[in-house]
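Biologist: Before I plan anything at the bench, could we go through this model together, one question at a time?

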Amino acid sequence: MDLAGKKIILGLTGGVACYKAAELTRLLSKAGASVQVVMTEAATHFISAVTMQALSSKTVYTDQWDPRIANNMPHIDLSRDADAIVIAPCSADFLFKIAHGACDDLLSTLCVARPIQLPLLVAPAMNVEMWQNPATQRNAAQAKADGVTLFGPDAGEQACGETGMGRMLEPEQLLEEIVAAFQPKLLSGKHVLLTAGPTFEPIDPVRGITNLSSGKMGFAIARAAREAGAQVTLVAGPTPLSTPYGVQRIDVQTAQQMHDAVMAHVDKQDIFIAVAAVADWRVANASEQKLKKNTQGDTPQLHLTQNPDILAAVASLPNRPYCVGFAAESENLTQYGEEKRLKKRVPLLVGNIGHQTFGKEDNELMLFDDNGHTILPHANKRQLARTLIAELARRI
Ligand code: C5P
């Protein structure tokens, strides 16, 4: 679980988006976090403390003078063993309070009284004009300058009927941001390009040659790179996987399209990770019309021609990024992995231990570089992707 053992204070302030905080509480709990809800008085007009208490299974605090707290210091006690304070939704008024260090209710006092290294993560939610108001923009800039992290806001339709910037991020997006906030920013400012998934080589308009790659490992690495602070572009073959939050995705079908998309984006990349299971061949005589069976039982003759090797093409560029290749071998990985690394002329090659990884949630990897090989032990692909990003960051 992405947030196992994390203690999060979830602060709600006055805004319609309070309804999204209910779902966020569930998602945080499902991710393994314990959630302590604190609400401003205004927030209680939008969602009841009872609802938030039922969802978080913890007493909800709304008042600095709550007689249930013996020492009357909830603003100190609550934050001392927390791992982060999340304000979602954060109203324009509360953003002002954060920017100015106001302490006129429990939640604002709690923010000011937090140990300064305790992350304060804020999801603004307000009407478009309120967000664009120069005063709000000043407050947002001041909060950022003080080390507060802002998630969003997003643009779109608003509860008031107007459209524009100011929508709070969706609960799923906030969860991704909160998980990412706990990851070390090992690739901060780096540009990472990846390929992932299978390719599909048409035989005719309804048939084609593909493989069993699910794209899970590549998508997990894209997510982990983004969590580590990189700007990530993901060139994906056909897969139903949803795009990792914050990642730019380019969908392609064939190896040639994947090659062209990679070449169009490879400039200014610091790292290229080729995870895709690219078809080695395509059908040279693919038919524009659907092939028909005939009564004589003749079978169509498919002529195959070789696809471009995308990884080799990137690795031979004069200004090449740091290149990482993948290998799925059915046997002799230790030998073939190193041979493939040298053949492709990449500094790092990642071998799937066992070729039965396609579609699975778990994996085990062997890394080959100039110093030999090391094993990343069996783990969930998401976790493994983070370890791989850490290994990569160490090498570049
Ligand atoms: O040559 P082989 O397919 O075994 O090499 C696998 C590695 O090369 C993977 O990183 C894969 O993404 C990449 N590759 C590629 N273009 C191809 C074939 C493989 O980028 N046409």
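Modeller: Let us begin with a single side chain, keeping in mind that this is a predicted model. A polar atom of the side chain of T199 lies 3.0 Å from the backbone nitrogen of A279.

Biologist: With which side chain does the side chain of T199 make a polar contact?

Modeller: T199 sits in the loop that runs between β8 (191–196) and β9 (201–204). Its side chain reaches a partner at 3.2 Å, and that partner is the side chain of E201.

Biologist: Is T199 buried or exposed?

Modeller: Leaving aside neighbours within four places in sequence, T199 is in contact with a set of residues that includes I209, T210, N211, P238, Q253, M258 and V278. The cut-off for buried is under 20% relative accessible area. T199 has a relative accessible area of 0%, so T199 is buried.

Biologist: Turning to the ligand, which residues have a backbone atom at a stated distance from one of its oxygen atoms?

Modeller: Among the residues around the ligand are A274, V275, P308, D309, G325, K340 and K344. A backbone N or O atom of L311 lies 2.8 Å from an oxygen atom of the ligand. For a polar backbone atom of A276 the distance to a ligand oxygen is 2.7 Å, and a ligand oxygen also lies 2.7 Å from a backbone N or O atom of F326. The names asked for are therefore L311, A276 and F326.

Biologist: How much of the area that the ligand exposes when taken alone does the protein bury?

Modeller: Taken alone, the ligand exposes 450 Å². Of that area, the share buried by the protein is 86%.

Biologist: F326 came up beside the ligand, so to speak; which residue of β17 stands opposite F326?

Modeller: Strand β16 covers residues 322–328, and β16 pairs in the parallel sense with strand β17, residues 348–352, over five bridges. In that pairing, the residue of β17 that stands opposite F326 is V350.

Biologist: On the pairing of β16 with β13, which residue is the bridge partner of F272?

Modeller: Strand β13, residues 271–274, runs parallel to β16 and is joined to it by four bridges. Six of the seven residues of β16 are buried. The bridge partner of F272 in β16 is C323.

Biologist: What is the handedness of the unit that β16 makes with helix α12 and β17?

Modeller: Helix α12 spans residues 333–344, and together with β16 and β17 it makes a β-α-β unit. The handedness of that unit is right-handed.

Biologist: Elsewhere there is an open sheet of five strands; which are its edge strands?

Modeller: The sheet has parallel pairing and the order β2-β1-β3-β4-β5. Within it, strand β1 (residues 7–12) is joined to β2 by six bridges, and I8 stands opposite V35 in β2. The strands that pair on one side only, and are thus the edges, are β2 (34–39) and β5 (149–150).

Biologist: Finally, for the protein chain as a whole, what percentage of its residues count as buried?

Modeller: The protein chain has 13 helices and 19 strands, and its C-alpha trace spans about 85 × 50 × 40 Å along its principal axes. The chain exposes about 19000 Å², of which carbon and sulfur atoms supply 51%. Of its 396 residues, the percentage that count as buried is 49%.

Technical notes
Residues numbered from 1 in each chain as written. Predicted model: local features only at pLDDT ≥ 70, side-chain atom pairs only at ≥ 80, totals over all residues. Heavy atoms only, no water. Buried < 20%, exposed > 50% of the residue type's maximum accessible area, 1.4 Å probe, protein only. Helix = DSSP H or I, 4+ residues; strand = E, 2+ residues; numbered from the N terminus. Pairing = 2+ DSSP bridges. Right-handed = clockwise from strand over helix to strand, strands pointing away. Near = heavy atom within 4 Å. Polar contact = N/O pair within 3.5 Å; in protein donor to acceptor, adjacent residues only side chain to side chain. Areas by Shrake-Rupley, 256 points an atom, 1.4 Å probe, with all protein chains shown as cover. Contact = heavy atoms within 4.5 Å.
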